[in-house]
Amino acid sequence: QTFRVDDSFSQRSTDAGVRYVAESGSSLALLGRWTHGNYDERQINLASKVDNEYNQSDIELRMSWALSGKSLLDGRITLLERNFPNVADRDYSGTAARLDYTVTPTGKLQMKLSAVRRIVSDQVTTSSYYVDDSIAFAPIWQISSKMALRLNLASSQRDFLGYAVVALPVPRRDRTQTIQLGLDWSPIRAVSLSVTLLHDQRRSNYSEPEYKANVSNIAAQFSF
């Protein structure tokens, strides 16, 4: 049976970096982050390869480029390395990235295209981390000053990698597709209403994590 380690944790980070901003508003930044974390309620378990602390270093390059008055390109690329002082088998490293292209062709329409790679610690019996690659398209149509229509189309692939206490015949791979449609309405300044419809489906090369979900949500907010 797969176990998951999701204890509460605390961490301390040190950040340093430099940033250049051009007259056009475009910018370029180089950042470094060094983090030490502790899992407050976890004990070291060498048999299950579970540590109660970690160190992580991140070197990140960020870019924001105003292509025109109606389009913007934002991106970042991160070299990260996480190590576990007592359980080195769980160590991992890699390159994460994000690229967002936002265009506003008219005053009432905005479209955003995103491509993302995340690397996330996921200490289970069958893997130590996962790499999540996703693309998304998210337009917003401002129907009027009081009403907006939102759409989000997303597709992702998640590969579970790293040291495994119990090795699977083939590493697990999940694919998820998401469609979300939302309508926001603010009849007066103090009241806002939203309706959201969501379809989410995950397929995997193992049947256990597969699912299909349809969710609807209605929310209201009142300000006094």
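**Group meeting: salt bridges, a pocket and two residues**

Let me open with Asp174. Its relative accessible area is 2%, so Asp174 is buried. Bear in mind that this is a predicted model. Asp174 has a salt-bridge partner, Arg172. The closest N and O atoms of that pair are 2.6 Å apart.

How many salt bridges does the structure hold? The count is 10. I'll go through some of them.

Take Asp15 and Arg33. They form a salt bridge, with 2.8 Å between the closest N and O atoms. Asp15 sits in strand β1 and Arg33 in strand β2, so this pair ties together parts that are 18 residues apart in sequence. Buried or exposed? For Asp15, the relative accessibility is 49%, so Asp15 counts as partly exposed. The cut-off for exposed is over 50%. Arg33 has 29% relative accessibility, so Arg33 counts as partly exposed too.

Next pair: Arg150 and Asp184. Their side chains meet in a salt bridge, at 2.7 Å from N to O. This one links distant parts of the chain. Arg150 is in strand β8, residues 147-161. Asp184 is in strand β9, residues 173-188. The two are 34 residues apart. Arg150 has a relative accessible area of 23%, so Arg150 is partly exposed. For Asp184 the value is 25%, and Asp184 is therefore partly exposed. The line for buried is under 20%.

There is also a network. Salt bridges link Glu60, Arg62 and Arg76.

Now the empty space. Rolling a probe the size of a water molecule over the atoms shows where such space is left. The largest pocket has a volume of about 370 Å³. Its lining is made of 21 residues. Which of them are closest to the centre of the pocket? They are Gln56, Asp58, Leu80, Ala96 and Ile119.

Where does the lining come from? Six strands each supply at least two residues. They are β1 (9-21), β2 (27-39), β3 (53-68), β4 (71-83), β5 (92-106) and β6 (109-124). β6 gives the largest share, 6 residues. By chemistry, the lining residues divide into 8 nonpolar, 6 polar and 7 charged. So much for the pocket.

Two single residues to finish. The first topic is Thr102. Thr102 lies in strand β5. The relative accessible area here is 15%, so Thr102 is buried. What does Thr102 touch, leaving out residues up to four places away in sequence? The contacts are Lys70, Ser71 and Leu72, together with Gln110, Met111 and Lys112.

Then Lys108. Lys108 is found in the loop between β5 and β6. With a relative accessible area of 48%, Lys108 is partly exposed. Again leaving out residues up to four places away, Lys108 touches Ile140, Trp141, Gln142 and Ile143. Look at Trp141 in particular. Lys108 and Trp141 are 33 residues apart in sequence. In space, their C-alpha atoms are 5.7 Å apart.

To recap. The structure holds 10 salt bridges. One of them joins Arg172 to the buried Asp174. The largest pocket has about 370 Å³ of volume, and β6 supplies the largest share of its lining. Thr102 is buried in β5, while Lys108 is partly exposed in the loop between β5 and β6. That's my part.

Methods
Residues numbered from 1 in each chain as written. Predicted model: local features only at pLDDT ≥ 70, side-chain atom pairs only at ≥ 80, totals over all residues. Heavy atoms only, no water. 1 Å grid on protein atoms, 1.4 Å probe; cavity = no way out; pocket = protein on both sides within 12 Å on 5 of 7 lines; lining within 4 Å. Points joined across faces, edges and corners; volume = space filled by probe spheres on them. Helix = DSSP H or I, 4+ residues; strand = E, 2+ residues; numbered from the N terminus. Nonpolar A, V, L, I, M, F, W, Y, C, P; charged D, E, K, R; others polar. Buried < 20%, exposed > 50% of the residue type's maximum accessible area, 1.4 Å probe, protein only. Contact = heavy atoms within 4.5 Å. Salt bridge = Lys/Arg side-chain N within 4 Å of Asp/Glu carboxyl O.
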